[in-house]
Amino acid sequence: EGAINRIAAGEVVERPASAVKELVENAIDAGAQHIEVVIADGGKTLIRVRDDGCGIAADELPLALSRHATSKIDGSDLLNIHSFGFRGEALPSLGAVGRLVITSRIAGEDAAQITVSAGKISPIRPAALSGGTVVELRDLFFATPARLKFLRTDRAETQAVTDVIKRLAMAEPFVGFTLRDVSSGGEGRVSFRADAETGDLFDALHGRLARVLGAEFAENALKIDAEREGFHLTGYAALPTYSRGSAVTQFLFVNGRPVKDKLLIGALKGAYFDFLSRDRHPAAALFVDCDPHLVDVNVHPAKSEVRFRDPGVVRGLIVSALRHGLAEAGH
Ligand code: ADP
Ligand code: MG
């Protein structure tokens, strides 16, 4: 069981950023309004995610750490998935490759804590916490030194963590996010902060865009709102005059999940074919929403690729909506 967890962990947790992604998605699934992520040394020595979500009941803490235990799906309809999690793999995987401490408190009960280190689970003990959940992961891959060697510099890993947080922050504009780096001790340095946005979805998204990509992008963005055969496309795309587009300024989501999908990236590029040179990427934050049965999000363990039932429709929707928007804006 320990070895199986370590092997499976490699699928889910490749680097600190993948651990951060799993923990922040859990916080979002728990209904958090604010999520704080603390890292040290690129997340290699410390990742701590604190949320104000629903919490985990003390007697369910061991369950949360057992493989394929998820509270998010009943097994009857694997396709009909609305939350981020559904495999019940993240926490056991993290507990297999690092030192994991989970402290949590549900309304009306006392806080409790459980520890897992290299797969060994401690008894539940009482703890102090005002509410929500704190998951702390120290010394990622200490139990699997071979994997440690594959990690990049602290700077590169910090960059990857920041990218994951910005993508999730874009996906959830009504949730507040803070990233703090405590590598040099003390309270550390806040390296990213986005307070919860208000207003309707487009207002919130526009505010979050300004926060994540900067005011210049937000001011040079086309509002996109289109539909075709059950696929809904919303969001913002940069006017061709915005010159700072790159792969890291493309935020693509399918049913609320950040994806890096070739079909979507290609469609976006195709829409700008006449406006941008081949080496340039248009900046955009675009959301494709559809009935869960029209898309398989389960293609890749890290869940960043998807497979549409009808890729042609999705491509056509993106290309035509963006070209229409660009034409209306005088391009
Ligand atoms: P999954 O997210 O796929 O269900 P995880 O291993 O990530 O699997 O988490 C296992 C379970 O632990 C979740 O289904 C959820 O019930 C609980 N859990 C994990 N993190 C949190 C959190 N931050 N707040 C509340 N519950 C959580
Ligand atoms: Mg999860």
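**Exercise 1. State which strands E12 joins, and place the sheet around that pair.**

Five bridges link strand E12 (residues 250–254) with strand E14 (residues 284–289), and the two run parallel. Strands are DSSP runs of E, at least two residues, and helices are runs of H or I, at least four residues, numbered from the N terminus. Two strands pair if DSSP finds at least two bridges between them. Gln250 stands opposite Ala284 in E14.

This is a predicted model: local features need pLDDT of at least 70, side-chain atom pairs count only at pLDDT 80 or more, and totals for chains, interfaces and linings use all residues. Residues are numbered from 1 along each chain as its sequence is written, with chains lettered from A and ligands numbered from 1 in the order in which they are written.

Now widen the view. The open sheet has five strands in the order E10-E11-E14-E12-E13, with mixed pairing. Strands E10 (221–228) and E13 (257–259) are at the edges with a single partner strand each, so one side of each has no neighbour in the sheet. From one strand to the next, the twist averages 20°.

**Exercise 2. Check the length of helix H7 and describe its packing.**

Start with the span. H7 has 13 residues, which at 1.5 Å a residue should span 18 Å; its end C-alpha atoms are 17 Å apart, which agrees. The expected span is 1.5 Å times one less than the number of residues.

Next, the packing. H7 (residues 201–213) lies across E10, strand E11 (231–238) and E14, at about 35° to E11. Axes are lines fitted to C-alpha atoms, for helices over the stretch in contact, and angles run from 0 to 180 degrees between N-to-C directions. Contact requires C-beta atoms, placed from the backbone, within 7 Å.

Then the buried residues. Among them are Leu205, Leu209 and Val212. A residue is buried with 20 or more other C-beta atoms within 10 Å of its own, exposed with 12 or fewer, and partly exposed in between. Their cover includes helix H6 (154–171), strand E9 (189–194) and helix H8 (215–219).

Finish at the end of the helix. Gly214 follows H7, and its phi is positive, near 100°.

**Exercise 3. Compare the settings of Ala118 and Phe141.**

Most residues other than glycine have a negative phi. Phi of Ala118 is positive, near 45°. Phi of Phe141 is positive too, near 70°.

Locate each. Ala118 is in the loop between strands E4 (112–117) and E5 (120–121). Phe141 is in the loop between strand E7 (132–138) and helix H5 (145–148).

Count neighbours. Ala118 has 17 C-beta neighbours inside 10 Å, so it counts as partly exposed. Phe141 has 22 other C-beta atoms within 10 Å and is therefore buried.

Methods
Contact = placed C-beta atoms within 7 Å.
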